[in-house]
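Okay, thanks everyone, I'll keep this one short. Let me put the structure up, and then we'll walk through two contacts.

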Amino acid sequence: MDTIYQSLVTVNPVTLIAQICNLFIQLLIVKIFFLDKIKAILDQRREAADKQIADAEAAKSEANAIKETYEQNMRVAKAKADDLLLTAQKTATARSEEIISQAQAAAAQIKSKASADIEMEKKKAINDAKDEISGLAMAIAGKVVERELTVADQEQLIDRFLDELGDNV
Amino acid sequence: MEVSINGARILATFENVPIFGTVQITQTLVVSWLVLAIISALCIWLGHGLKVTGISRKQAVAEMIYTSLVNFVRGNMGPEFDRYIPLVGTIFVTSIVSNLISLLGIWSPTADLMTELAWALVVFVLITYHKIKASGIGGYLKGFLDPIFVLAPINIMSELFTPISMACRHFGNILSGTVIGTLIYAALTTASYALFHKLGSSLIAAVILAVIGGAVLLYGKKAKKKLFFILGIVAAVLGVLAVITNLGVDYPWLTVGIPAIPSLYFDWFGGCIQAFIFCTLTTLFIKQAAGD
């Protein structure tokens, strides 16, 4: 069979139509088996990236909220502690003042009782001394007058003496 | 030597096909189907087994191709024309593969005007659609009378020449590459036979040439003189090939390797740049049509 050639520039409608069909077939194949698949993968990757970023943002805001709550709690706790301390100080001050005043009152009571006791002891001592002195004076006087005086005189004398003595004591 | 430059080879002819009449199955069609199969296989290979994380090298390349394509279309047209990404990508990859398949010694479908015209007509339909959509059918037709009605024929011609010029630009560049490649090949074949028939006419002269070449090569290598080294290589290779020719192996030796150098420009560079230009014009024309 002889080899037959077209001339260099030929208008061949069949080839033209066939080439248009080829172009569309090729277009469909390229689109379905290559472009659409790559596009789907790239879209998936972008979605995944977006999701990760959103997740990270959410985690960050959650962490911030937790931190905020924690700090809030810390502030409340500190305020409470300060309050407690203050109350304790006040209570302690009041208590100590109370104790001191009680102690002072007790001391004053003891002091007054002691001075009353002293007074009584003093009186008792004076009375004892009076009896002692009067006896002594009687003995001295008996010696001095030697029965010249009656009992009545004696007592009168002694009383007067004692009164003078008592004024001086 | 006669050089004949032909279009696509006609592989089969069917007479009396309904509607079409005579249908010729040309190399263009068969190679286009081959290109279609290659690109489809490539797409399926690149597009399967994709993962969201921990991607393979293959997937990285596939994603890079996709991203470059999207950036190209968005850069030229803006994000509202994303639906033309598949079309532009398809035309680009089909053009590249069709242009470069000639490096394998296969007929390039883009060296047939019908291929580019098919693409350009699709683009032309889109351009017209966007023009009508932008200004209405009345506005579109009225545009031909702009600025005065006398210019209507010129306006209609300029409209029709948009796809023709797009197609012819691409076709002409690829065809010129093919033509120049054929011419260079033919010229080198002629030159090669002339040279080696002369050199190989005497076995002794050929051997002497090879030996002298070897000596110069060794001297150039020892003395580190690049000029002598290269001259030695050339002389030695020529001598050896002349000896082989003299012994009865007649082959156009100069066509080995040397045509690859102009092919670097006409096939590789030209092929890539034409695919790029066609896609750029596609995007720009559609954008312009929609923008007015």
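So, a bit of vocabulary before we start: two strands count as paired if DSSP finds at least two bridges between them. Also, keep in mind that this is a predicted model.

With that in hand, look at where the chains meet. Strand S1 of chain A, residues 4-5, pairs with strand S1 of chain B, residues 9-17, in the antiparallel sense, over two bridges. Within that pairing, A:Ile4 sits opposite B:Ile10 of S1(B).

Zooming out to the whole contact, how many residues does each chain put in? Chain A gives 33 residues and chain B gives 42 residues. On the chain A side, the elements that supply two or more residues are strand S1 (4-5) and helix H1 (13-145). H1(A) has the largest share there, with 24 residues. And by class, that side of chain A has 20 nonpolar, 10 polar and three charged residues.

Okay, now over to chain B on its own. Here I'd like you to find helix H4, residues 113-143, and helix H5, residues 152-199. These two pack at an angle of about 145°, and their axes are 8 Å apart. Which hand is the crossing? H4(B) passes H5(B) in a right-handed one.

If you want to click on the residues, the H4(B) side includes B:Leu113, B:Leu117, B:Phe124 and B:Ile127. Across from them, H5(B) brings residues including B:Pro163, B:Met166, B:His170 and B:Phe171. By class, the contact of H4(B) with H5(B) comes out as 11 nonpolar, two polar and one charged residues.

That's my bit, happy to rotate things around.

Key: Residues are numbered from 1 along each chain as its sequence is written. Chains are lettered from A and ligands numbered from 1 in the order in which they are written. This is a predicted model: local features need pLDDT of at least 70, side-chain atom pairs count only at pLDDT 80 or more; totals for chains, interfaces and linings use all residues. Axes are lines fitted to C-alpha atoms, for helices over the stretch in contact, and angles run from 0 to 180 degrees between N-to-C directions. Helices (H or I, at least four residues) and strands (E, at least two) are DSSP runs, numbered from the N terminus. A crossing is left-handed if the near helix is turned anticlockwise from the far one by less than a right angle, and right-handed if clockwise. Two residues are in contact if their C-beta atoms, placed from the backbone, lie within 7 Å. Ala, Val, Leu, Ile, Met, Phe, Trp, Tyr, Cys and Pro count as nonpolar, Asp, Glu, Lys and Arg as charged, and the others, Gly among them, as polar.
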